[in-house]
Amino acid sequence: MTAVLTRTSDQWRRLDWRTIAITTATLVGFTGVSGFSLASVVSWIFGWSLASVLAWLVPGVVLIVAAGFVGDWLRWTRTRYRLSADRLEMHTGVFVRKQRSLPRDRIRSVDISAGIMLRLCGMAKVEIGTGEHVDKDKTSLELDAVSRAEADRLRRELLGQGPAGESDDQVLAELDRRWVWYAPLSVEAFVLGSGAFGGLLSVAELFGFEADVLTWTYNFLDSMPLAVAILIVVVVGGVVGAVGALLLFVTTWWDYRLDRESAGTLRVRRGLMTTHSVSLTEERLRGVQVVETLGHRLLGAAKVDAVATGLAEEEHGEESDHKTLLPNAPAELAHQVAASVVNAATSPTDPSILCGHVTAARNRRLTWATMIALVPATVLAVLGLLLTDVLLHIAWSWALVALGIGLPAAVDAYRNLGHAISGRYLVSRHGGLWRKTVALQRDGVIGWTISQSVFQRRKGLVTLTATTSAGRKRYSVYDVEEHKGLAFADTCVPGLIAQFLDPQPPS
Amino acid sequence: MTTQATPIRLRPPGNRVDQRAIPWWRWQLVLTAATLAVLLVVPGIFIPPARFWLVLAAIVVVVIAVPLAVLLPLWWYRVHRWEVTGTAVYTRTGYFFQESRIAPMSRIQTVDTERGPLEQRFGLATLIITTASSAGAVTVKGLDGEVAAELAHRLADITKLIPQDAT
């Protein structure tokens, strides 16, 4: 079996030829629709007949489609790849020839995605990487596109799995349709709400209606009392945002499934129109993070992210979903999934195992909240006494609102502080609007940073930061009692910090 | 769990930086202030209406810079400390925001020394030790050039001996 595999996989292969057909078809569709709408707008504005405008446009469209076809055909003929015993090689480039080669033992990720057209043809795009995001050109290569079966073959072979069926896969989590209702509480809801309104306006503008829409909206809102008008805007924005977030959730997370495969690879599959399959080898995994936004926390929901080396951290949109192992789901399940992801019997992110921080940490937070409220208020009040009464009113209302929100937020932030050691994992929790519980492999800690401001020193607190090669590269335990924090660091990574402690702890 | 009479603390690292770091830091401050003052005075020569204000600003820069150049390096000398043991590198900087960094030998990836033009004049060097975490680099400024070179060698040797487990 293996001999046959090696022999067949040694050959140079081409991408699937249907790629050219798909590119061309997409181009025909796109230029057709946009060309036709351009023609109708032009004919409407200048009063020319639609037929004569189209007569001018059609040759252009044909030219673009032809150029696209030739370009993609050239790319197809000049792209080859080969999977040999120790390397994956790819030759590509029409004018500038590029030759890439990845050592097989360095390959850590094989991500498969398929847009609607690719799916209909039973094809997929494959992105293969070494798990380092240092220089994307050197550390990853993309096959756009190959047949679905070939994509699966590559994934299984590259991630060290036999060509066996999926019987030995262990399902860690599957989509529950009820999770959809957590979606409107995400940040996307707010962004989409305002985005949709902007989109509506730009569509209206395209047809020359913008002024009308604005006037109509303005007149409508003006006829209402102010409070009602504000309420209408907020409710409409909220509803639009919520619907948008629901749609986004459904398209992104439809058919979601998290598996652990035989060779110890975690695999996330999801997507309604465009399907994604993201694989993560366990050797890249340094821990998990449970994230709860304030809204989700109130509803008892949480999502689980991977803390892994070489995952895109700063990038947004589609990329940032790459590290998500479980979308917002009931918190209990999230902790359970976190536990099974890291192969732990008890969940390392379970809130009940966390050790809280001393009240000095709470007082610091209360001080910050008070400062944020009172410093601007004092400045405004002084200016108000000198200049105008209006500033005085702004000052006291600011102070009231800021204290009203700030003090409870400070207490909440304090309650969310916590740390623990759970088996192989160091656990730390912090945050209010975004509460994050990270469980980091103690073996994955590659250094400590202990920072202490003058104010912390007076209260005997420190902020202990573990540096690591994965995820955000640094994870902190905030405002922990000095001796407790140091003892914690000593227990997490034995034999490192002890030599710098005074007096030396008994070992 | 530990409620003994003497709570454990992090002791300061054993070594101060080289004494020549004081004049080095001082010259850095002097040169920065001088550049700023010159940048203010030169246009003042060519633009008579603005001359008064530009020269005044330059004087303010100098008046602020002189005490800073005298005192800050002394202060920095007191708060910068470092230590290298058989198993770890340990540094401490800052007072208002004190930061202590510890990197285990077994996780060290690269050891570099860096010498700027001014550092060369004073025979000093900066030691830069990186680990697999982009947030975990440890730097020691103001070391004697020889000491830094010898340390770099020693660290490179030790990290070769210890079984590597970089990430």
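## Close-up views of chains A and B

**View 1. Two spans of chain B carry a transmembrane annotation.** For "transmembrane region", UniProt lists residues 29–47 and 53–77 of chain B, in an unreviewed entry. The model shown here, and in every view that follows, is a predicted one. Let us look at each span in turn. Residues 29–47 of chain B are 95% helix and 0% strand, and the C-alpha atoms at the two ends of this span lie 28 Å apart. Residues 53–77 of chain B are 100% helix and 0% strand, with 36 Å between the end C-alpha atoms.

**View 2. Chain B combines four helices with eight strands.** Reading from the N terminus, its elements follow the order β-β-α-α-β-β-β-β-α-β-β-α. Of the 167 residues in chain B, 40% are buried. Take the contacts in chain B between residues at least 6 apart in sequence: 56% of them join residues at least 24 apart.

**View 3. Strand E18 of chain A pairs with a strand of chain A and with a strand of chain B.** E18(A) covers residues 448–453, and five of its six residues are buried, so the strand is largely enclosed by the rest of the structure. Towards chain B, six bridges connect E18(A) with strand E5(B), residues 97–104, and the two run antiparallel. To find your place in this pairing, look for Thr449(A), which stands opposite Arg101(B). Within chain A, E18(A) pairs with strand E19(A), residues 461–467, through four bridges, again in the antiparallel sense. Here Trp448(A) stands opposite Ala466(A).

**View 4. Gln452(A) touches residues of chain A and chain B.** Gln452(A) belongs to strand E18 of chain A. This residue is buried, with a relative accessible area of 5%. Leaving aside residues up to four places away in sequence, Gln452(A) touches Arg457(A), Leu461(A), Val462(A) and Glu482(A) in chain A, and Tyr95(B), Phe96(B), Phe97(B) and Gln98(B) in chain B. Two polar contacts are worth picking out. One, of 3.5 Å, joins the side chains of Gln452(A) and Arg457(A). In the other, a polar atom of the Gln452(A) side chain lies 3.0 Å from the backbone oxygen of Leu461(A). Val462(A) is ten residues from Gln452(A) in sequence, and their C-alpha atoms are 5.0 Å apart in space. Arg457(A) also meets a ring of chain B: its charged end sits over the ring of Tyr95(B), 4.8 Å from the centre.

**View 5. Aromatic rings pair up in chain A.** Over all chains, the count comes to ten aromatic pairs. In one of them, the ring centres of Phe46(A) and Trp48(A) are 4.9 Å apart and the planes meet at 20°; an angle under 30 degrees counts as stacked, so this pair is stacked. Phe46(A) and Trp48(A) are both exposed. Elsewhere, ring pairs link Trp179(A), Trp253(A) and Tyr256(A) into a cluster. Trp253(A) has a charged partner too: the charged end of Arg270(A) sits over its ring, 5.0 Å from the centre.

**View 6. His419(A) is a buried residue with a histidine partner.** You will find His419(A) in strand E15 of chain A, residues 418–422. Its relative accessible area is 6%, under the 20% limit, so His419(A) counts as buried. A polar contact of 2.9 Å joins its side chain to that of His357(A). Beyond residues up to four places away in sequence, His419(A) touches Leu354(A), Cys355(A), His357(A), Val427(A), Ser428(A), Val477(A), Val480(A) and Phe488(A).

**View 7. Helix H15 of chain A is mostly covered.** This helix spans residues 482–492, and nine of its eleven residues are buried. Among them are Glu482(A), Gly485(A), Phe488(A) and Cys492(A). Two of these names have appeared in earlier views: Glu482(A) is touched by Gln452(A), and Phe488(A) is touched by His419(A).

**View 8. Arg260(A) is a buried arginine in a strand.** Arg260(A) lies in strand E9 of chain A, residues 257–260. Its relative accessible area is 9%. The side chain of Arg260(A) makes a polar contact of 3.5 Å with the side chain of Asn343(A).

Note on methods
Residues numbered from 1 in each chain as written. Chains lettered and ligands numbered in written order. Predicted model: local features only at pLDDT ≥ 70, side-chain atom pairs only at ≥ 80, totals over all residues. Heavy atoms only, no water. UniProt positions renumbered as here; feature names shortened; annotations may be inferred. Buried < 20%, exposed > 50% of the residue type's maximum accessible area, 1.4 Å probe, protein only. Pairing = 2+ DSSP bridges. Phe/Tyr/Trp six-rings, centres within 6.5 Å; stacked < 30°, edge-to-face > 60°. Lys NZ or Arg CZ within 6 Å of the ring centre and 35° of its normal. Polar contact = N/O pair within 3.5 Å; in protein donor to acceptor, adjacent residues only side chain to side chain. Contact = heavy atoms within 4.5 Å.
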